[in-house]
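Student: I would like to learn how to read helices and strands in a model. Can we take one feature at a time?

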Amino acid sequence: MANPGRFLNLTETPAVAAGAGQAAILLPDGTLCLMRSEEAAQRLANLPPPLLVHAPATFRRLGMQPRPALDLLELFAFVYPACPAAPTPRGLALALDYDPPGAGLEAAVAFLPELARMLLARLAASRQTEQGRDAAELAAQMGLAGWSWAPLVTAALGNPQAVPAARALRVWQRLPEWEETAPLSPPRAFPVSPAEARRRLTEMLGPEAEHRPGQIEYAAAAAAAFAPRIEQGVPQLVLAEAGTGIGKTLGYIAPASLWAERNQGTVWISTFTRHLQRQIEAELARLFPDPATRRQRAVIRKGRENYLCLLNFEEAVNAATLRGSSQHLIALGLLSRWAAVTADGDLEGGDLPGWFAELFGRANIANLADRRGECIHSACPHWRRCFVEHSIRRAREADIVVANHALVMVQAAHAWHWGEGLDDAGIPLRYVFDEGHQIFHAADNAFATAVCGLETAELRRWLLGAEGSRSRARGLRRRLEELVLGRPELEAPLEAALQAARALPGPGWSSRIAEEPERPKLGALLPAQDSPTEAFLRAVRRQVLARNAEGDANSSGMTLEADLHPVLPELPEAAERLARALHRIAEPLKTLRNRLLARLHDEAETLEETQRTRIEAAARTLARRALDPLAAWCEMLHAVSEPAPEPGRRPEQVLFLRLERADGHERDVALCRHWLDPTVPFAATLAASAHGLLITSATLRDGGQPDPVLAWETAEAEVGAVHISAPALRVTVPSPFDYAAQTRAFIVTDVPGEDLDALAGACRALFLAAGGGALGLFTAIRRLTAVHARIAPELEAAGIMLLAQHVDPMHNATLVDIFRIEEESCLLGTDAMRDGVDVPGRALRLVVFDKVPWPRPNILHRERRIHLSGGNPAEYEARIARQRLRQAFGRLIRRATDRGVFVLLDRRTPSRLLSAFPPGVQVARVGLAEAVTAIKTFLHVE
C-alpha cells in the first residue's frame, strides 16, 4: 500500500467536530482545543478549509454559513461509491473495518486526519482497477467547480497533473443495456404445505441457527396464503399476528420463495416503511447468498420518481460543464461514480447513502429523478440503459419483489380500472403485507383525492411544460411529438387539450388566491379573466377562513379545515365552472389516448417495436397522470352542488375543505375526498386480481379487547378482510421475549403536560439516567424542537450526542443509522420513528413518549369515530392510541438479551390504555425522581 501520509499535509489543515453549543478543533500546529461554538466559528473563519464529517450539520451547529471544507463524506463517496456508512467518525471507521475513535468531540476530531489518510491510501490502491479508470480526470473536472479534495485525490491516484475531462461524467455511455425477453407464461397454482415451509425455513437458517419454535409455527401457518384460489375474486387470506422476536420476515419468505420456485411466479412483499424494506433486503441474503443470484431473483421495486433518470442526469451534466464552476458539478461527479456501480439506481433508500442529498441539497438530487411523469420511454436515447426499465424487467422474472404499500395499492387500482399494470409490469397474484396494521392508513393516502392548488398546477406544468421559466420541464407536446407530428387526427386533440389546460393555475397562483378582489354580488357571474381553478380555490379559502375561529384563522402556522356543507353561495357556481373547464381538458385527452391505441391495431404490420412500446407507455401515462385525476376532480366538483347529506347518515366518502399552512405561508388550498373506510377500495382492487394475501404484523389486534373473537373482528375490519367474502385464517404466534424480566414501564405523574420547561427537564433527567441510548417520541414537532433546544447542550457536555428529526439537516434513515452505532446517543422523533425502526442491543434501552398519542381531532377523524366505532367513539380512539403505544414499545426489545425501559410523561394516561403493553409488563405510576432511580438500577448505570 502507498504511504498515506504523503497525500495530506496535516500541518496546513485544521479539523473540527461540532456538538450542541461546543466544538473541538485540531489546529494546524497540532493543538487540540475544546471551546464554545461561537469561539470555534471565529477561529475557523481565519483558517484554511477544515477536515470534518457532514459539513451542513457541522456548520449549522457552529452557527456558520456554508463554506469550503474537506468533508470526509465526500471523499468516502468518491472512494467507496454505493457503500453504506453512518455519517460520523465512528460510522466511517466501522465502514472501513477500522478501530473507531473513543467517545467525545476531542477523540472524534483527533481521528479525522487518520480517516483522511486511510481513504486516500485505499484510493491509491485502486488506481489500476476498472473503478480507477478516468478517476483522476473526473476529480480534476470536479476541481474546476471548487472541490477541495481534487488535488489530494489526483495525487493519490498518481496523476497530480490530470487534465479535466467532461467525458468522465458521462457514465450513461458505460452502463449495461437490458435485453428484451419473451413474455412469461402465467404461473401455476401448486400449493406449499406446512411441512415444506418448515423445511425451507430450516434450510435458510442453517444448522447453527437458534431454534425458535414460534418462527417454525409461523412459517407453517403462512403457507396457507399460497394455496390455490378456489373462487374468482376471493383470494386465500391469512391474518397472522406474530409477536416481536418471532422472526416473521424469514417466516414468510420461506413459503413465498418456495411457491415462486415451484410455480414460476412472483410474490410481492409490501411494507409501510423503508426501514423494514432494508431489513427484508438483508434477510434475503440468507435465501440467496450469492449476490448475483440475489440480484436476479429478488428485486426492490419502487416508483419511477425514486430512480436516477439518465436523461435528466445528462442534461444536468451538460449544463454544469458549460458553467464550469457550478457547485452542482461536484455532486454530479460523485453521482457518476455511484451510477457506475449501483445495484439499481435508487436515489431514495437504495445504496446511495442517505446523507448524500443532505450534503448537496435534496431538491438538486430529486430533480435528477423523473418525479413529474415526464418519461419519454423508448424515445429516450438511454432507454435501454434506464435503471427503471432494468428494475421492471428484473421484477417480471424475480421470485420476490419488495415494494411499499403505496406502490402496491396504486398498481392494483390502476389494474382494476384499466386492466393493466403500471409500467408494463404485470399484475401480481400473490402478496405479503408486512406492517399490516398500517394498511388502513396506507389505503387512506392511496385512495384519497384532492382538488388543490398544488396538484392542478402540477397538471398544468405536466401538460404545458416550463412556460418560459428556467425549469427543464418538458410539456406533453414535446414528449409526444414523434408520435403525433404530421398526424392531424392526433395533433388536433393534443392542441385542444393544451389550450384548455390554461384554465389550470399558472405560476404565482398561491399569492393571487390570497388576494381578496371585490366580492361579486350574489348571483353575479365571476370575472371572465379570473382562472376557473383560482376562482374555485379562492372560494374554498374564503369558506375555510369563515368557518374557523378568529384566532385560528389569523394564525400563520396552523392548517385549517372546514366542512363542505353548508356551502358559501359562490362555491357551487365556482365548482361547476371549474368542472366544465376540466371536462374541456379531459375530452380531447381521451380522444388522443384512444387514437394512439388505435394505431396499435391499424398499423400492426408496420409499427416498430420501439414505437409500439412508446404508444403503450404514452397511453398508460395519459390515464394515470391526467385522465384519472381529472375524472375524480370532476366528480368531486359536481358533489359541491348536491344537497347536504342528512345529519347522522353514514357517508361512503368524506368531503371537506383545507387550507394548508407551513412556515408562516399558505402552501395549498384544497377540496379533499377520503373514503370513510379506505379498506373498501383496498379490498376491491386487490381481490379482483390476487390469488393469495398474507397480512401480518406484531400488532394486528387490539390488546385492550379482552374478548379474542371481538379483537380479531376488529382487526379484520382494520385491514379490509370483512370486505372479502371468504373467511380469513387467523394465526397468533406470541412473542418469545420475557417482557416481565427484560422491561420496565413507568407513567410519570409529576410532569405538567403543557409545561415545556418541565417536559425538557424530565427528558434530560431520564436520558442522563440511561446514559444515552434513548428514543424520545413526540406527538408534535413544536414540542420536539423546544425540548431539543433546552437539553442538547447539557447532554453534549455529558458526552451524549442528541439527534433530532426536524432539527438536524438529515434524513430519518441517516439519523437512525447514527443512533444505531453511537450507543451513547439519543434521538428525538415523531411518528415516523415510532414505526419500523429496528435498533437492537444497547443502542436503544430507553423509550420516552411525551404524551398519549391520541388521534388528531380533525374532520375526517370525527366522521370515523362516529361511523366506524360501533357506537363507542371513546373506545375507538383508545384503540388507536393503544396501537401506537404498542408500536412504540415494540422498538425497545428486539433480541432475547435486550433490556429496556418505557416511560410515558403523561399523568393523565387512562388505565384502559395500559393493556397496550405485552403480557407480563407491570406499569407503575411514579414520580420523576423514582423513575430516574429505577432506570439507573435496572440498566446498571453508574
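Student: What span should helix α36 have at 1.5 Å a residue?

Tutor: The expected span of a helix is 1.5 Å times one less than its number of residues. Helix α36 (residues 873-890) has 18 residues, so 26 Å is expected, and its end C-alpha atoms are 26 Å apart, which agrees. Helices (H or I, at least four residues) and strands (E, at least two) are DSSP runs, numbered from the N terminus. This is a predicted model, in which local features need pLDDT of at least 70, side-chain atom pairs count only at pLDDT 80 or more, and totals for chains, interfaces and linings use all residues. Residues are numbered from 1 along each chain as its sequence is written, and side-chain values use heavy atoms, without hydrogens and water.

Student: Which residues in α36 are buried?

Tutor: Buried means under 20% relative accessible area, exposed over 50%, partly exposed in between (1.4 Å probe, protein chains only). Among the buried residues of α36 are Tyr-876, Leu-885 and Phe-889.

Student: In what order do the 4 strands of the open sheet stand?

Tutor: Two strands pair if DSSP finds at least two bridges between them. The order is β11-β14-β13-β12, with antiparallel pairing. β11 (449-452) and β12 (560-563) are at the edges with a single partner strand each, so one side of each has no neighbour in the sheet.

Student: How many bridges join β13 to β14?

Tutor: Strand β13 (residues 653-662) and strand β14 (residues 665-675) run antiparallel and are joined by 10 bridges. Glu-660 stands opposite Asp-668 in β14.
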